[in-house]
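Reader: I've got a model open and I'd like to talk through how its strands and helices sit together. Can you walk me through it?

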Amino acid sequence: MPSAVDSIKFGTDGWRGVIADDFTFERVALVAPIAAKVLADVYGESTGSRTIIVGYDRRFMAEDFAKKTAEVVQAAGVDVMLSEGYAPTPAFSWAAKQQNALGALVLTASHNPGQYLGLKVKGSFGGSVSPETTQKIEAQLSETPISVGTPGSLQTFNPWPSYCEVIRSKVDLARIQEFITQGKLTVFADVMHGAAAGGLEQILGVPIQEINSSRDPLFGGGAPEPLPRYLSQLFRVIRTHRREQGAGLQVGLVFDGDSDRIAAVDGEGNFLSSQILIPILLEHLAERRQFTGEVVKTISGSDLFPRVAALYQLPVHETPIGYKYIADRMLSAPVLLGGEESGGIGYGNHIPERDALLSALYVLEAIAQSGMDLSDLYKRLQERTGYTSAYDRIDLHLASMDVRSRLLEQLQSQPLTKIADQAVVDCLTIDGYKFRLANDSWLLIRFSGTEPVLRLYCEAATLEQVHHTLNWAKDWANSV
């Protein structure tokens with residue numbers, strides 16, 4: 001019989017598990033006070049605080065797990081500020097910094113399907129804690145709990161007002177409001193039944209068209225992840241509006257389950273991932289806002305990022321995949337923007353945390369100040385940089401962890417010199433194997449650390465080339 005600590009493993013951003021199987025009240029009651037203790041050990045001296053923020057999203061029983069978290073942390077002698085309702089994860093990260101707290105414990109499974117719930121641990125600085133900090137939490141799970149005499153205090157709070165106020169202050173709100181109220185721009189928001197519900201309209205103070213606003217713990221049978229396969233309703237709504245209304249610009253904004261990832265749909269109904277949004281945001285912030293600083297990208301980010309950065313003489317720093325690496329860089333260098341391929345984007349003038357609602361405001365500001373559709377902004381960037389590309393990724397499920405080991409062994413002992421008829425000219429190994437090919441395309445091969453899954457990423461001049469390379473990689477993996 002496995003013990004309560006088995007299967008409690010912290011991944012790239014917290015611990016997640018299937019509700020009532022891995023993720024239970026018993027395990028949360030074990031993890032939460034230890035996480036609070038570690039936060040106190042790490043940030044207690046610098047903050048002088050003894051308060052933990054506890055928040056949650058709209059998942060099944062998330063408020064009940066949050067209440068349990070608050071109770072056990074309070075019983076461990078730590079003061080607790082428990083959210084009165086659901087809110088975006090970035091709102092709780094902001095609350096940790098704004099309240100000078102030890103950090104925040106957020107009950108969310110982000111973009112995972114509905115059967116999952118999880119616990120994200122945020123530091124006093126307003127971002128995800130380091131791997132070293134989560135390792136300290138894991139290391140103490142099997143230790144005997146220390147009995148505490150005096151419980152902490154417990155109070156509730158509303159995280160929305162302070163959060164809305166701070167991100168509202170980052171943009172030219174009046175210009176955005178004017179564009180919307182005068183009918184020059186129609187804004188659609190797909191909140192995917194998640195924690196961004198009601199957020200954009202609350203921040204803007206003008207009506208927008210929000211879809212999938214209801215609380216649905218099953219997320220319509222899909223997952224609250226900003227990917228085209230989950231956005232059929234948004235595509236339909238935007239294309240219908242374009243056909244029936246015609247005049248004015250329109251944009252669709254997509255928020256994942258806890259509102260830390262974003263995607264968009266342009267006025268023509270095309271899906272725009274952060275591979276496209278980040279270059280648009282870079283141009284906007286550097287050109288119209290005159291912001292400076294480093295551009296931080298993960299190795300799966302588009303080659304368009306550094307090309308746009310070069311237009312403004314902005315330095316570029318590349319990291320392994322995972323926003324925690326971007327956040328670490330934000331804490332040590334003057335960063336303009338840090339972004340990842342999966343939709344997480346953060347800004348050096350805020351907290352070191354990906355924030356979809358702030359990204360949405362900057363997207364709206366770019367449209368309002370340029371008077372252009374996102375598709376036109378993107379095409380102009382391609383023309384200015386002389387760079388056009390396509391991108392895709394696939395997750396390939398392997399037969400077993402043994403197959404994973406054999407593939408890894410082959411990459412290490414027999415390095416690939418040719419991929420999809422193209423010579424390999426370079427290989428970067430800071431996270432997986434990123435092969436730069438002779439035609440200036442690239443293929444990234446990464447392995448999941450916990451399951452037999454191979455992640456394949458590719459950018460090339462055309463989508464046909466992308467799929468040719470990805471199919472080659474699948475065949476290679478299946479042949480070993």
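Author: Sure. One bit of wording to start: two strands count as paired if DSSP finds at least two bridges between them. Keep in mind that this is a predicted model.

Reader: How many bridges join strand β21 to strand β22?

Author: β21 covers residues 442-447 and β22 covers residues 453-460. The two run antiparallel, and one bridge puts Leu 443 opposite its partner in β22, Cys 458. The number of bridges joining β21 to β22 is six.

Reader: Which strands are the edge strands of that sheet?

Author: The sheet is open, has six strands and pairs antiparallel, in the order β17-β22-β21-β20-β19-β18. An edge strand here pairs on one side only. That picks out β17 (390-397) and β18 (418-419).

Reader: Which helix lies across β20, β21 and β22?

Author: Look for a helix at residues 401-413. Its direction is at about 135 degrees to β21. That's helix α14.

Reader: Now the helices α1 and α2: are they parallel, perpendicular or oblique to each other?

Author: The axes of α1 (residues 25-47) and α2 (residues 62-75) come within 8 Å and cross at roughly 50 degrees. Roughly parallel would need an angle under 35 degrees, and roughly perpendicular takes 65 to 115. So α1 and α2 are oblique.

Reader: And how many nonpolar residues are in the contact of α1 with α2?

Author: On the α1 side, the residues include Phe 25, Val 28 and Pro 33, and they meet a set in α2 that includes Asp 64, Lys 68 and Thr 69. By class, the contact has one polar and two charged residues, and the nonpolar ones number nine.

Methods. Residues are numbered from 1 along each chain as its sequence is written. This is a predicted model: local features need pLDDT of at least 70, side-chain atom pairs count only at pLDDT 80 or more; totals for chains, interfaces and linings use all residues. Side-chain values use heavy atoms; hydrogens and water are left out. Helices (H or I, at least four residues) and strands (E, at least two) are DSSP runs, numbered from the N terminus. Contact means heavy atoms within 4.5 Å. Axes are lines fitted to C-alpha atoms, for helices over the stretch in contact, and angles run from 0 to 180 degrees between N-to-C directions. Angles under 35 degrees count as roughly parallel, over 145 as roughly antiparallel, 65 to 115 as roughly perpendicular and the rest as oblique. Ala, Val, Leu, Ile, Met, Phe, Trp, Tyr, Cys and Pro count as nonpolar, Asp, Glu, Lys and Arg as charged, and the others, Gly among them, as polar.
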